[in-house]
Amino acid sequence: MFIYFLGEMCRNLYRSKLVTSVSVITIGILLFFLICLSLLMFNIRIWVNDNENQPQMSVYLDINLSQEQENSLAQDIIYIVNAQKINFISRDESYNIFRSLYGSEMLSAVDENPFPAVLEFRFSNDYPKDKIDLISKEIEKFDGVESLVYSNEWQKKLENFRLLISRGIIIFSIVMISVVFFTIMNTIKLTVYARKDMIKNMLYIGASGWYIRTPFVLEGIAQGTLGALIALAAVVPIKILAVNLNFYWGNMQFMAAIVLFGAILGFLGSFFAVRKFINIVPKVN
């Protein structure tokens, strides 16, 4: 009997191959955008967590300080900061770093070195954040400190950004899932309409609802699964082109979840479409 259901499913797909192809491609495009948004959300969360687990603070010194004043101020700041790792970047080193990253063309119009010396502090993961806040306020009072950047400020901004993106993804995902659901549902409706007379005859001779419904439900599952596979395949070229980008692309569990998600949407869309039409077909003259 299962062979019969599979055979009917394949025949249904072949009979309506144009409509089915459009439906599968549409599902694939929608799920592709859903995958991209999910991966973006994962990477933002990883980025926020990494920064949260490694608190950092950068102190920028006034560019008008002499080298002796810079060294003296740096020693005073280091004295009050109990950091796990300390890195002092001189003005010349800041200049060279910028030039190596962006080239010397952007500096051609500058006569003097415009970059300040920087003190970078990396704290241990268990270092109290409220203590870092107190230290940063104390450092800002030093003469010769131009500005101070504490990673906690960026973490708050990143967290707010993550929450904003999360809300947007949830809303957009609901819309896309609804579109996929109704795409599959309408495709199955067209198939059922085309076989309306045959379904009516099967009901008249006593065929059960599940016997009639199963091939169409399998067709919906096949459409959802194929759409998910197309969406995953579309991610591969992007992953190859961005091979040097430090980006999380998901694992086997994530890919399996996408395929399962597509199959579930296909099942639900086809199930409700066929159930409705099996209920109304006997009433059609």
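Of the 285 residues of the protein, 39% count as buried in this predicted model. The accessible surface comes to about 17,000 Å², and carbon and sulfur atoms account for 62% of that area. Contacts across the sequence are well represented: among those between residues at least 6 apart, 85% join residues at least 24 apart. The secondary structure consists of 9 helices and 4 strands, arranged along the sequence in the pattern α-α-β-α-β-α-β-α-β-α-α-α-α.

Two of the helices, α3 and α5, invite a closer look. Helix α3 (67-80) has 14 residues and reaches 21 Å from its first C-alpha to its last, close to the 20 Å expected at 1.5 Å a residue. Its buried residues are Glu70, Leu73, Ala74 and Ile77. These residues cover an arc of only 105° around the axis, and therefore sit on the same side of α3. This spacing is a familiar one: an α-helix has 3.6 residues a turn, so residues three or four places apart point the same way. The other side of α3 carries Glu68, Gln75 and Tyr79, which are exposed. On the buried side, the helix packs against several elements, namely β1, β2 (85-89), α4, β3, α5 and β4.

Helix α5 can be described in a similar way. With 12 residues (129-140), α5 reaches 17 Å from its first C-alpha to its last, close to the 16 Å expected at 1.5 Å a residue. Ile132, Ile135, Ser136 and Ile139 are buried in α5. Their arc around the axis is only 100°, which puts them on the same side of α5. Turned away from that buried side is a face with the exposed residues Asp130, Leu134 and Lys137. The cover over the buried residues of α5 includes β1 (56-61), α3 and β4 (145-150). The packing of α3 and α5 can thus be read from both helices: α5 is among the elements that the buried residues of α3 pack against, and α3 is among those that cover the buried residues of α5.

A loop residue offers a different kind of example. Asparagine 113 lies between α4 (91-102) and β3 (118-122). Is this loop residue, asparagine 113, buried or exposed? Its relative accessible area is 17%, so asparagine 113 counts as buried. The side chain of asparagine 113 reaches the backbone nitrogen of phenylalanine 115 at 3.0 Å. Beyond its neighbours within four places in sequence, asparagine 113 is in contact with Arg91, Asp92 and Tyr95.

Aromatic residues form a further theme, with 10 aromatic pairs found in a search of the whole structure. One of them joins phenylalanine 247 and tryptophan 249, whose ring centres are 4.7 Å apart and whose planes meet at 55°, so the pair is tilted. The two partners differ in burial: phenylalanine 247 is partly exposed at 25% relative accessibility, whereas tryptophan 249 is buried at 18%. In another pair, phenylalanine 271 and phenylalanine 272 are edge-to-face, with 5.6 Å from centre to centre and 85° between the planes. Phenylalanine 271 is partly exposed, with a relative accessibility of 24%, and phenylalanine 272 is partly exposed as well, at 32%. Both belong to a cluster in which ring pairs link Phe181, Phe182, Phe267, Phe271 and Phe272.

Tryptophan 249 also merits a description of its wider surroundings. This residue lies in the loop between α8 (209-241) and α9 (252-280). Besides the tilted ring pair with phenylalanine 247, the side chain of tryptophan 249 reaches the backbone oxygen of phenylalanine 247 at 3.4 Å. Leaving aside neighbours within four places in sequence, tryptophan 249 is in contact with Leu39, Val235, Ile238, Lys239 and Ala242. For one of these partners, lysine 239, the separation from tryptophan 249 is 10 residues in sequence and 7.5 Å in space, C-alpha to C-alpha.

Note on methods. Residues are numbered from 1 along each chain as its sequence is written. This is a predicted model: local features need pLDDT of at least 70, side-chain atom pairs count only at pLDDT 80 or more; totals for chains, interfaces and linings use all residues. Side-chain values use heavy atoms; hydrogens and water are left out. Rings of Phe, Tyr and Trp (its six-membered ring) pair if their centres lie within 6.5 Å; planes under 30 degrees apart count as stacked, over 60 as edge-to-face and the rest as tilted. Buried means under 20% relative accessible area, exposed over 50%, partly exposed in between (1.4 Å probe, protein chains only). A polar contact is a pair of N or O atoms within 3.5 Å; within protein, one must be able to donate a hydrogen and the other to accept it, and residues adjacent in sequence count only if both atoms are side-chain atoms. Contact means heavy atoms within 4.5 Å. Accessible areas come from the Shrake-Rupley method with a 1.4 Å probe; for residues, only the protein chains shown count as cover. The expected span of a helix is 1.5 Å times one less than its number of residues. The arc is that of the directions from the helix axis to the C-beta atoms.
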